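Subject: Structure for your review

Dear colleague,

Please find below the structure that I am handing over to you, together with its sequence. I would be grateful if you would read the notes that accompany it.

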Amino acid sequence: MVVHKPEGEIIPPSVVTRAAELAAWYSDARNAARVEVHLCPASEVRKPHRAPPVLVELGKYRSVKVTPRPFEPDPE
């Protein structure tokens, strides 16, 4: 999942947590109680030479543990 960050701004922790919950929901770990999700800037994501399209290497990253949660539209 990608969260756009305007230059010079900080992403609020609630946005980071919600994005991690959605990423965990759309992964194979959807039914797990807690899932570890790695967070890193897009500039730190690299594809190794001759690796399959789904395999990437992360440079600097941090991890958060979240409970997978599906998308829920805002009630209007």
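The notes below describe what was found, beginning with the overall architecture and moving on to individual contacts.

Please bear in mind that this is a predicted model.

**Overall architecture**

The chain contains one helix and four strands, and these elements follow one another along the sequence in the pattern α-β-β-β-β. The C-alpha trace extends over about 45 × 35 × 20 Å along its principal axes. Of the 76 residues in the chain, 20% are buried.

**Salt bridges around the helix**

Three salt bridges were found in the structure. R18, E21 and R69 are joined in a network of such bridges.

Within this network, the side chains of R18 and E21 form a salt bridge with an N to O distance of 3.3 Å. Both residues belong to helix α1 (residues 13-25), where their spacing of three residues places them about one helical turn apart. The side chain of E21 also meets that of R69 in a salt bridge, at 3.0 Å from N to O. Because E21 is in helix α1 while R69 is in the segment after β4 (62-66), this pair ties together parts of the chain that are 48 residues apart in sequence.

The surroundings of E21 and R69 may also be of interest to you. E21 has a relative accessible area of 14% and is therefore buried. R69, with a relative accessible area of 33%, is partly exposed.

**E44 and its contacts**

E44 is located in the loop between β1 (35-39) and β2 (45-46). How is the side chain of E44 engaged with R46 and with the backbone of K60? With R46, E44 forms a salt bridge in which the closest N and O atoms are 3.9 Å apart. With K60, the contact involves the backbone nitrogen, which lies 3.2 Å from a polar atom of the E44 side chain.

As for accessibility, E44 stands at 19% relative accessibility and so counts as buried; the cut-off for that class is under 20% relative accessible area. R46, by contrast, counts as partly exposed, because its relative accessibility is 43%.

The loop between β1 and β2 also holds A42. With a relative accessibility of 66%, A42 counts as exposed. A42 and T17 are 25 residues apart along the chain, and 17 Å separates their C-alpha atoms.

**Aromatic and nonpolar features**

The structure contains zero aromatic pairs. There is, however, an interaction between a charge and a ring: the charged end of R30 is positioned over the ring of W25, at 4.4 Å from the ring centre.

On the surface, a nonpolar patch is formed by V45, V56, L58 and Y61, which together have about 320 Å² of accessible area. One of these residues, L58, is part of strand β3 (residues 57-58). L58 counts as partly exposed, since its relative accessibility is 32%.

V45, another member of the patch, can also be set against the segment before α1, where H4 is placed. In sequence, H4 and V45 are 41 residues apart; in space, their C-alpha atoms are 15 Å apart. H4 is exposed, its relative accessible area being 69%.

**A backbone feature**

One further residue deserves your attention when you inspect the backbone. Most residues other than glycine have a negative phi. R50, which is not a glycine, nevertheless has a positive phi of about 65°. R50 is situated in the loop between β2 and β3, and its relative accessibility of 77% means that R50 counts as exposed.

**Points to view**

When you open the model, you may wish to start with the network that links R18, E21 and R69. The contacts of E44 could follow, including its salt bridge with R46. After that, you might turn to the R30 charge over the W25 ring, the surface patch that includes L58 and Y61, and the positive phi of R50.

Yours sincerely,

A colleague

Notes
Residues numbered from 1 in each chain as written. Predicted model: local features only at pLDDT ≥ 70, side-chain atom pairs only at ≥ 80, totals over all residues. Heavy atoms only, no water. Phe/Tyr/Trp six-rings, centres within 6.5 Å; stacked < 30°, edge-to-face > 60°. Lys NZ or Arg CZ within 6 Å of the ring centre and 35° of its normal. Patch = residues over 30% accessible without salt bridge, like charges linked within 9 Å, V, L, I, M, F, W, Y side chains within 5 Å. Areas by Shrake-Rupley, 256 points an atom, 1.4 Å probe, with all protein chains shown as cover. Salt bridge = Lys/Arg side-chain N within 4 Å of Asp/Glu carboxyl O. Helix = DSSP H or I, 4+ residues; strand = E, 2+ residues; numbered from the N terminus. Buried < 20%, exposed > 50% of the residue type's maximum accessible area, 1.4 Å probe, protein only. Polar contact = N/O pair within 3.5 Å; in protein donor to acceptor, adjacent residues only side chain to side chain.
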